[in-house]
Amino acid sequence: MARLSFLAALVSLSVSYVAAAPQGPGGGGNAGFVPLVDKKFTWDKLPYRIDTDVGLPRGEQVGYNQCNATTEGPTSLCQTSFINSLDDFCLWAPPSPGKTVGEIEGEMIAWCTQPGHGTRVIPDGALTGVQFVKSPDYVQVVGFIDQTKINMVAGDAGGEMDPHGADLRGNPMGGIIFSNAFTGTYVQVVEWHNFMGGNQFCLKACDPRGANDAKFCQHIYDTQGCGFNAPSNARDTVFESCASDDQPFPGEGVAVPASSLCSTFASTDIYGPTGTVQVPIPGASTISFSPIPKPTKSTSTTAAPTSTASTSGSSSGASTPSATGSNAAQLGIAPSFAVSALAAIFGITLYV
Ligand SMILES: *[C@@H]1O[C@H](CO)[C@@H](O)[C@H](O)[C@H]1NC(C)=O
């Protein structure tokens, strides 16, 4: 009850914020403004920056979308992200340490499991358990991570990124995601949500060809965490790739959908210098599919995985994933998550 009325208040606050924002649609102050979710690109024809707005309250996009061998590594500010498979996906995380997700959600950059995308690379050992699923309407990764290894504050219960935001510029501003898991070639994921915090993460990328992509990747329950928005049976210490039924739309019930065709892997076989295994897309045999090779250390264009390795890249030589925590069957909603996210909302910004 309290939550419902609070959410209602939050929604109305957000709505009035958007209406008042000069850059908002109908705001009248900036007729040329285009919401991030309405900007469509092919992966090989990205502008330097997707968000070209200047003079708005949140400032300019901090990074860039043309990412290549030059930008790859520990100083990358690449904001072009991918979710392809268990072995090849990226998460949004801060460019530098010291700020909580709520404080820096607009400036998150791409951290990927593999070199080859012109981004930072998630250090070896940071991921301690990941489940990738492909359902009829989306692909999703849910897992466990030592978040301090990707510049997140220890103990930060986190928050949510999505291509909307109160000012419609997205969080991160100018952030874009592609996937080859739907068709075998890169397509822009229009609707997605990514929760980071409490040493857990979930990233759901909805198939843009689906009629309900905005509903499966609903962005308004941003204080509710992975258990509510992306229910799964991901387990710490387990790395698996499965086909899955669809979840209910977030907000219309929480249920872990049935999964099938699961295959499990050792993290050292899929990530880091020894990770040469390219995990097939579960159920890919049922779609028209020309697999794109696993990316390697160097690319000459935005996203093209190539077969040539160079010395760029940033993997640390950290130890193998440790078996931390319990064998929790599901990622629940940490009560502190909501508290922190709410604090972030009131302290910093309204993010829907
Ligand atoms: C690599 O990306 C950077 C940043 O977007 C860009 O300035 C540069 O021109 C790119 N280099 C090539 C060779 O495409």
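Here are some notes on this predicted model, point by point.

1. **Ground rules.** Residue numbers start from 1 in each chain and follow the sequence as written. Since you're looking at a predicted model, local features need pLDDT of at least 70 and side-chain atom pairs count only at pLDDT 80 or more, while totals for chains, interfaces and linings use all residues.

2. **The overall picture.** The protein chain comes to 6 helices and 13 strands. Both are DSSP runs, numbered from the N terminus: helices are H or I with at least four residues, strands are E with at least two. The chain has 352 residues, and 49% of them count as buried. Buried here is a neighbour count: 20 or more other C-beta atoms within 10 Å of the residue's own, against 12 or fewer for exposed and anything in between for partly exposed, with C-beta atoms placed from the backbone. Now look at contacts, meaning two residues whose C-beta atoms, placed from the backbone, lie within 7 Å. Among contacts with a separation of 6 or more, 70% involve residues 24 or more positions apart.

3. **The 7-stranded sheet.** Try tracing this open sheet in the order E7-E10-E11-E6-E5-E12-E13; its pairing is mixed. Strands pair if DSSP finds at least two bridges between them. At the edges sit E7 (159-161) and E13 (259-265), each pairing on one side only. From one strand to the next, the twist averages 15 degrees; the axes behind such angles are lines fitted to C-alpha atoms (for helices over the stretch in contact), and angles run from 0 to 180 degrees between N-to-C directions. Edge strand E7 pairs with E10 (residues 192-197) in the antiparallel sense, over 3 bridges. There, Glu160 stands opposite Phe195 in E10.

4. **Strand E11, inside that sheet.** Is E11 (residues 200-206) enclosed or open? Largely enclosed by the rest of the structure, because 7 of its 7 residues are buried. In a regular strand, side chains alternate between the two faces of the sheet. In E11, Gln200, Cys202, Lys204 and Cys206 point one way, Phe201, Leu203 and Ala205 the other, and all are buried. E11 has antiparallel pairing with E6 over 7 bridges and with E10 over 6 bridges. To find the register, use Gln140, whose bridge partner in E11 is Lys204, and Phe195, whose partner there is Cys202. The E10 and E11 hairpin has 2 residues between the strands, and Gly198 in this hairpin takes a positive phi near 60 degrees.

5. **The 6-stranded sheet.** A second set of strands to trace is an open sheet with the order E4-E3-E2-E1-E8-E9, again with mixed pairing. Its edge strands are E4 (120-121) and E9 (187-189), and each pairs on one side only. E2 (residues 88-93) and E3 (residues 109-112) run antiparallel and share 4 bridges. Here Leu91 stands opposite Trp111 in E3.

6. **The core.** In soluble globular proteins, nonpolar side chains tend to be buried together. A nonpolar core is a set of buried Ala, Val, Leu, Ile, Met, Phe, Trp, Tyr and Cys residues joined through C-beta atoms within 7 Å. The largest one has 64 residues, and Ile83, Ala93, Leu203 and Ala205 have the most contacts inside it. The strand giving the most to this core is E6 (residues 138-145), with 6 residues. Leu203 is worth clicking on: leaving out residues up to four places away in sequence, it touches Ile83, Phe89, Leu91, Gln140, Val141, Trp192 and Asn194.

7. **Backbone oddities.** Most residues other than glycine have a negative phi, and most peptide bonds are trans. Between Asn171 and Pro172, though, the peptide bond is cis, with omega about 0 degrees. Pro172 is in the loop between E7 and E8 (176-179). That E7 to E8 loop also holds Leu168, whose phi is positive, near 65 degrees. Leu168 counts as partly exposed because it has 19 C-beta neighbours inside 10 Å. Thr237, in the loop between H4 (225-229) and E12 (239-244), has a positive phi near 75 degrees.

8. **The ligand.** Which residues surround the ligand? Tyr48, Tyr64, Gln66, Asn68, Thr70 and Thr71 do, where near means a C-beta atom, placed from the backbone, within 6 Å.
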